[in-house]
Amino acid sequence: MKHESLSSSQRLAAMLKILHQHHVTQGMDPVKMREIIEDLGPTFIKIGQLMSSRQDMFSKRYCDELAKLRASVAPMEPALVHEILEEEYACSLDQLFSWFDDRSLGSASIAQVHRARLCSGEDVVVKVQRPHIYAQMERDITLLRRASKLLNLSELLGSVIDVDILLDEFWETAKQEMDFINEAAFMQRFAKLNGEVRYIAQPSVHRELTTSRVLVMEYIGGCEIDDLECLEENGYDRREIAAKLADHYMKQIIDDGFFHADPHPGNLRVRDGKIVWLDFGMMGQLGDREQSLIRRAFAAMAAENITELTDVILTLGVHDGQVDYHRLYDDMEKLMGAYMTKSLSQINLGEAVQDIFTVAHRHHISMPKGISMLARGLVSAESTVAMLDPDANIITTAIRHMGSGGFPGWR
């Protein structure tokens, strides 16, 4: 206990030193905040990445700067990876795998992944959690709360960030991501919801080998979705892939209320004529009420109905009831006026949602976690679709999906 206390004291001292070096008590700006987060290390880089998607909570200047954060974490030594696996399974590695690649496919703050082959001959990917990461992150969050009180950060940064709300949300998200049994359940739920969509796939999970710290799943080959040369060599039509991807993402949101929160190209493959989704650590979930409101929002945008769209935002958002409705309606009218000069096919949905979040932030209206995850997901999905087909448009896909139930011929 004494050693743990000393370690925490040293870590708190190091955090306070970093905050003082950046003169945090003299005010904050976007670049300073990003530099502080980078100096504080992996736990805070993940917090910063979460912040970058919350334009309803933070101004666009801060979100844009924090979007530059990239976690750069050295991979664990092979001996440590072996030790974790053997401790988790209570047996030697060669009893489970006929081959295990010690080179990691990717290394992040919570876990890293390796290719391997089971003794049964099946090629798999093994996701291994870093040792003590839960305790380290929990400690860092507790210490940041203490540092915040010591430096009176909540008052100093009140116009930029609500420290306690941010930390509460991050910790809930991180705990979900650190439980690989949870991730395995997400993968199986996704598979069940999309079992009849013949152009969609996901890795199968080896539940008998999956624990809270280790996830074993099918290895997925094929083409990375942004490897346009590979797609062309294998006879794929990029426009068809873009259309299917856009429609399927709308299905996840509008029909299922259960969607991939990070649909960037690294999490998508094309194999055997199917779009394969990877990495289910963070999934967004919408309740029936939220799904209904999202449908109303899409319909209001299509109809250029500013009153309806504003009502949806007020109903979705969390606020203290002291919103200046006249100013809010005026701001929404100005925003929508800019979009009304464009056709639906010219509107960037992710950009429009971010602009709506900016207005909400200005009026101190925050969004539930599922909605903020949806906004981030839409921005990423739209970028991936546009990379495949610059003429594709997610908002027209959303309207068509609501009207016709998507593309039945693809199901």
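In this predicted model, His114 sits in strand E2, which covers residues 111-118. His114 has a relative accessibility of 0%, so it counts as buried. Phe180 is 66 residues away from His114 along the chain, and the C-alpha atoms of the two are separated by 15 Å.

Next come the cysteines. The structure holds one disulfide, and the partners are Cys223 and Cys230, with their sulfur atoms 2.1 Å apart. A disulfide is, after all, a covalent bond between the sulfur atoms of two cysteines. The torsion about the S-S bond of Cys223 and Cys230 comes out at about -70°, which makes the disulfide left-handed. As for cover, Cys223 is buried, and Cys230 is buried too.

Cys91 and Cys119 tell another story. For Cys91, the closest cysteine sulfur belongs to Cys119, but at 9.1 Å that is too far for a bond; the cut-off for a disulfide is 2.5 Å. Seen from the other side, Cys119 is in no disulfide, and the nearest cysteine sulfur is that of Cys91, 9.1 Å away. Cys119 has a relative accessible area of 48%, so it is partly exposed.

Back to the stretch around the disulfide, where charge is the topic. Glu224, Asp226, Asp227, Glu229, Glu232 and Glu233 gather on the surface in a patch of negative charge. Which helix gives the most to the negative patch? That is helix H10, residues 228-233, with three residues. Asp226, another member of the patch, has its place in the loop between strand E6 (223-224) and H10. With 37% relative accessibility, Asp226 counts as partly exposed. Helix H10 also holds Leu228, and at 27% relative accessibility Leu228 counts as partly exposed. Leu228 and Glu308 are 80 residues apart in sequence, and in space their C-alpha atoms are 41 Å apart.

The salt bridges deserve a paragraph of their own. A search of the whole structure turns up 21 salt bridges. One of them pairs the side chains of Lys46 and Glu177, at 3.7 Å from N to O. This pair links distant parts of the chain: Lys46 is in helix H3 (residues 42-52) and Glu177 in helix H8 (residues 163-177), 131 residues apart. Are these partners buried or exposed? Lys46 is buried, and so is Glu177.

Asp123 and Arg115 make another salt bridge, their side chains meeting at 3.9 Å, N to O. Asp123 has 26% relative accessibility and so counts as partly exposed. In the salt bridge between Arg139 and Asp140, the closest N and O atoms are 3.6 Å apart. The two partners differ in cover: Arg139, at 25% relative accessibility, counts as partly exposed, whereas Asp140, at 6%, counts as buried. Elsewhere, Arg34, Glu38, Glu65 and Lys68 are joined into one network by salt bridges that share partners.

That leaves the backbone. Most residues other than glycine have a negative phi. Which residues go against this? Among them is His23, with a positive phi of about 55° although it is not a glycine. His23 lies in the loop between helix H1 (2-21) and helix H2 (30-40), and with 43% relative accessibility it counts as partly exposed. Asp272, likewise not a glycine, has a positive phi of about 50°. Asp272 is found in the loop between strand E8 (268-271) and strand E9 (274-277). At 67% relative accessibility, Asp272 counts as exposed.

Key. Residues numbered from 1 in each chain as written. Predicted model: local features only at pLDDT ≥ 70, side-chain atom pairs only at ≥ 80, totals over all residues. Heavy atoms only, no water. Buried < 20%, exposed > 50% of the residue type's maximum accessible area, 1.4 Å probe, protein only. Patch = residues over 30% accessible without salt bridge, like charges linked within 9 Å, V, L, I, M, F, W, Y side chains within 5 Å. Areas by Shrake-Rupley, 256 points an atom, 1.4 Å probe, with all protein chains shown as cover. Salt bridge = Lys/Arg side-chain N within 4 Å of Asp/Glu carboxyl O. Lys, Arg positive; Asp, Glu negative; His and termini not counted. Charge placed at Lys NZ, Arg CZ, Asp CG, Glu CD. Helix = DSSP H or I, 4+ residues; strand = E, 2+ residues; numbered from the N terminus.
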